[in-house]
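Visitor: I would like to understand the backbone of this protein a little better. Could you guide me through some of its less usual spots?

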Amino acid sequence: MKDILQSEFMQDLIAGTLVGYLKFCYRTTRWTIEGQAPVEAIWDGKGPVVLMFWHGRLHLGHASWPRDRGQPVCVLASMSKSGEVSMKINTRFGYHSIRGSSAKKSDPTKQKGGAQAFRELIRWIRGDQTGGRCVAMTPDGPRGPARIMTEGSLKLSQMSGAPLVVLGQSTKNYLEFNTWDRMRIPLPFTRGAMVWGVLPAIPADTDETQMEILRLQAERALTGVTDRADEILGLK
């Protein structure tokens, strides 16, 4: 049974079914949006950008970034079997994927999958002659602890000059799983909230002490917009 569930056919079936379901949920959700104006300026600027949301709200992230206006998006997918399904989901949403895990706080180059994934992210986010690109990351993934940010996103910003966009999303009705991240799956025909925040790029000369201060600030900012999204819907 395990081999069947991990087969290419089943992974394609799972990815296709989930994408169809999520798109239906997004279309039938009435969204309240806060803080989007600074992000619109980033979309118009066409420069590199790092987008972050907590792993537990992963299945809401695809509803946020406008493909017809925003920078092309790349998602970091883990090297696990679930990462293979995630990659297939991202492809169906029109996103590029790079396999690897979020960088560890102690050493951002020691990702599962090696430093190659980090180098590929740098190349992607710097873009080409038409402008920069977006890297979307769950900085507490793929295994947590929940809402504890690793340095990978900040290092990416530091090396590319990309601003950090934090995104909090919530829906009034959802299924919540008993996982480390309290993963939520939205339900259709509900209300939703999307709260944006923008932090400046990490300066190139940031030392280890300053990086920890900025990491905590970014962590609090991402938790703040996520909690605000819940608050808008009366969930807090």
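Visitor: Is arginine 182 buried, partly exposed or exposed?

Guide: Please keep in mind that this is a predicted model. Partly exposed covers the range between under 20%, which is buried, and over 50%, which is exposed. Because its relative accessibility is 38%, arginine 182 counts as partly exposed.

Visitor: What is the phi of arginine 182, and where is this residue found?

Guide: Most residues other than glycine have a negative phi. Arginine 182 is not a glycine, and yet its phi is positive, at about 55°. As for its place, arginine 182 sits in the loop between strand 7 (174-176) and strand 8 (184-186).

Visitor: Which residue does a cis peptide bond join to glycine 141?

Guide: Most peptide bonds are trans. The bond that starts at glycine 141 is cis instead, with an omega of about 5°. The residue on its other side belongs to the loop between strand 5 (134-137) and helix 6 (152-160), and that residue is proline 142.

Visitor: What is the omega of the peptide bond from glycine 144 to proline 145?

Guide: Proline 145 also has its place in the loop between strand 5 and helix 6. The peptide bond that reaches proline 145 from glycine 144 is cis, and its omega is near 5°.

Visitor: Is arginine 147 buried, partly exposed or exposed?

Guide: Arginine 147 is found in the loop between strand 5 and helix 6, and it has a positive phi of about 60° although it is not a glycine. Because its relative accessibility is 27%, arginine 147 counts as partly exposed.

Definitions and conventions. Residues numbered from 1 in each chain as written. Predicted model: local features only at pLDDT ≥ 70, side-chain atom pairs only at ≥ 80, totals over all residues. Heavy atoms only, no water. Helix = DSSP H or I, 4+ residues; strand = E, 2+ residues; numbered from the N terminus. Buried < 20%, exposed > 50% of the residue type's maximum accessible area, 1.4 Å probe, protein only.
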